[in-house]
Amino acid sequence: MHNTAETSSKGRAFRRAGVVAALVAGLVAPGVAAAESTEAQRPELQAVMQQFIDTGFTGVQLRVNDERGEWAGSAGVRKLGQAAKPPTNGLFRIGSVTKTITATVVLQLVADGKIGLDDPAAGYLPEFGLDRRITVRMLLQHTSGVFNHTGDYTADGTYEPGVTWSGQDWVTDRFRSYRPEELVRLALAKPLRFEPGTAWRYSNTNYVLARLLIERATGHSYVEETQRRILRPLGLRGTVMPGTSPEIPGPHAHGYYRYEENGEPRTVDVTRQDPSWISAGGDLISTTKDLQKFISALLGGRLVPAPLLAEMRTPDPAMGYGLGLFVQDGTTESPFPPPSCGAPVVHHNGNVQGYATVMYSSPDGSRTVTGSLTYVDDAAQSVGGAFQAGLQRVVDAVFC
């Protein structure tokens, strides 16, 4: 779920969550919002959403596009202590799903001849002193060995912290702004985790570097280039690139964080936060509809040429990660559950404090599920098991 101090797999990030069962149990029993579609009400999808709520999540919205048409619904509550359900197409923080959009922009620049996929990244960003063995491809595939600026592990398993993203310190400091260059320099002050190209490890810093590559290659800001190449052509009007703004500018469900202060548990609303600590690794805000449009257009061949789309969908054997996408076809590993029936899927999920995002698709983009979950997060990552179990039910309901 999360774009922060992930271990050697993205899965640890998706175990950063927490919901206080007693807190949720104290709410008015939430129902399921009516579907937007005129299709059948899809009781199996309504049941999946309600199971998330029953296991401690505060809110959920799902959108499914398949041969039966489009369906969208929501369950739970928009805000603790209130009865209103989450909007079925509300805005939410998408976390690491941002990486797929960032990778798509980079690959468009490769197609335009402005970036070489196997060129040394140092050739474009000489000011950082990057190891010249690190290529653009390695950044997008997480095989660079660059330290994860949100925290990483040494070879002996010792955790090395990076920027603060959890606990009381983060809650207190959650409106702090970071510049991308600051995050990169923090990461590059640490030694490489491994020789470039020899292993796989998720690192948010790879995508901060990808952002800076986009800006250097085009002379435009990351925001301008992404809007020009992705958001405006696809009509993604609900997708926001917030920069350092803490706001979610539209209807949305709320995310929460729990921590202890002087030995007493506290739960705070962290919907408003400065997302610049994660930058192009996870700062975007979007909707289930926009993410459905994006992943369908990408895998349907509308955003990058076929040869580069094939590169994007070619997984690293260590963790099934292509270029900004996880690819599960029965031959690769992944920290996320594949459909139990063996159906091939392409996906990228995401998480930032109090928000988890789901984006799965068939390889051709014809069948998709996109969704957002809100919950009470904590440093113990308490709802990780419930998330994985619920995600399994989602993908089975949609792809099996």
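Let me start with one residue, Thr-135, which is buried, with a relative accessible area of 12%. Thr-135 sits in the loop between H3 and helix H4, the latter spanning 136–141. Setting aside residues up to four places away in sequence, Thr-135 touches Leu-117, Asp-118, Asp-119, Pro-120 and Ala-121. Before I go on: what you have in front of you is a predicted model.

From that loop I move to helix H3 itself, and to the core. The largest nonpolar core has 98 residues. Which residues have the most contacts inside it? They are Leu-107, Leu-140, Ile-230, Phe-294, Leu-298 and Tyr-360. Helix H3, residues 97–111, gives this core its largest share, eight residues. There is also a second, separate core of six residues, and Val-171, Tyr-259, Val-268 and Val-270 are among them.

Take Leu-298 from that list. Not counting residues up to four places away in sequence, Leu-298 touches Thr-100, Thr-104, Leu-303, Val-304, Leu-309, Met-312 and Leu-325. One of those partners, Thr-104, is placed in helix H3. Is Thr-104 buried or exposed? Thr-104 counts as buried, because its relative accessibility is 0%, and the cut-off for buried is under 20%. Thr-104 and Leu-298 are 194 residues apart along the chain, and their C-alpha atoms are separated by 8.1 Å. Leaving aside neighbours within four places in sequence, the contacts of Thr-104 are Ile-230, Phe-294, Leu-298, Leu-303, Val-304 and Met-312.

Next, how helices pack, with H3 again. The partner here is helix H8, residues 222–234, and the axes of H3 and H8 come within 10 Å and cross at roughly 80°. H3 and H8 are therefore roughly perpendicular to each other. On the H3 side the contact involves Thr-98, Ile-101, Thr-102, Thr-104, Val-105, Gln-108 and Leu-109. On the H8 side there are Tyr-222, Glu-225, Thr-226, Arg-229 and Ile-230. By type, the residues of the contact of H3 with H8 are five nonpolar, five polar and two charged.

The other helix pair I want to show is H2, residues 43–54, with H11. At what angle do the axes of H2 and H11 cross? They cross at roughly 175°, and they come within 10 Å. H2 and H11 are therefore roughly antiparallel to each other. From H2, the contact is made by Glu-44, Leu-45, Val-48, Gln-51 and Phe-52. From H11, it is made by Ala-386, Phe-387, Gly-390, Leu-391, Arg-393, Val-394, Ala-397 and Val-398. The residues of the contact of H2 with H11 divide into nine nonpolar, two polar and two charged.

Stay with Val-394, in helix H11. Val-394 counts as buried, at 2% relative accessibility. Apart from neighbours within four places in sequence, Val-394 is in contact with Val-48, Phe-52, Leu-62 and Val-369. Now a separation along the chain to set beside the earlier one: Val-394 and Leu-284 are 110 residues apart in the chain, and their C-alpha atoms are separated by 23 Å.

After helix H11, which spans 384–399, comes a segment that holds Cys-400. That brings me to the disulfide. How many disulfides does the structure hold? It holds one, joining Cys-341 to Cys-400 with an S to S distance of 2.1 Å. A disulfide is a covalent bond between the sulfur atoms of two cysteines. The link of Cys-341 and Cys-400 is left-handed, with -90° about the S-S bond. The pair links distant parts of the chain, 59 residues apart, and Cys-341 lies in the loop between strand S9 (326–328) and strand S10 (345–347). Both ends are partly exposed: Cys-341 has a relative accessible area of 45%, and Cys-400 has 49%.

Last, two backbone details. Most residues other than glycine have a negative phi. Arg-42 is not a glycine, yet its phi is positive, about 55°. Arg-42 is found in the loop between helix H1 (21–25) and H2, and at 3% relative accessibility Arg-42 counts as buried. Ser-279 also has a positive phi, near 55°. Its place is in the loop between strand S7 (264–269) and strand S8 (285–286). Ser-279 is buried, with a relative accessible area of 2%.

That is where I stop.

Key:
Residues are numbered from 1 along each chain as its sequence is written. This is a predicted model: local features need pLDDT of at least 70, side-chain atom pairs count only at pLDDT 80 or more; totals for chains, interfaces and linings use all residues. Side-chain values use heavy atoms; hydrogens and water are left out. A disulfide is a pair of cysteine sulfur atoms within 2.5 Å. Helices (H or I, at least four residues) and strands (E, at least two) are DSSP runs, numbered from the N terminus. Buried means under 20% relative accessible area, exposed over 50%, partly exposed in between (1.4 Å probe, protein chains only). A nonpolar core is a set of buried Ala, Val, Leu, Ile, Met, Phe, Trp, Tyr and Cys residues joined through side-chain atoms within 4.5 Å. Contact means heavy atoms within 4.5 Å. Axes are lines fitted to C-alpha atoms, for helices over the stretch in contact, and angles run from 0 to 180 degrees between N-to-C directions. Angles under 35 degrees count as roughly parallel, over 145 as roughly antiparallel, 65 to 115 as roughly perpendicular and the rest as oblique. Ala, Val, Leu, Ile, Met, Phe, Trp, Tyr, Cys and Pro count as nonpolar, Asp, Glu, Lys and Arg as charged, and the others, Gly among them, as polar.
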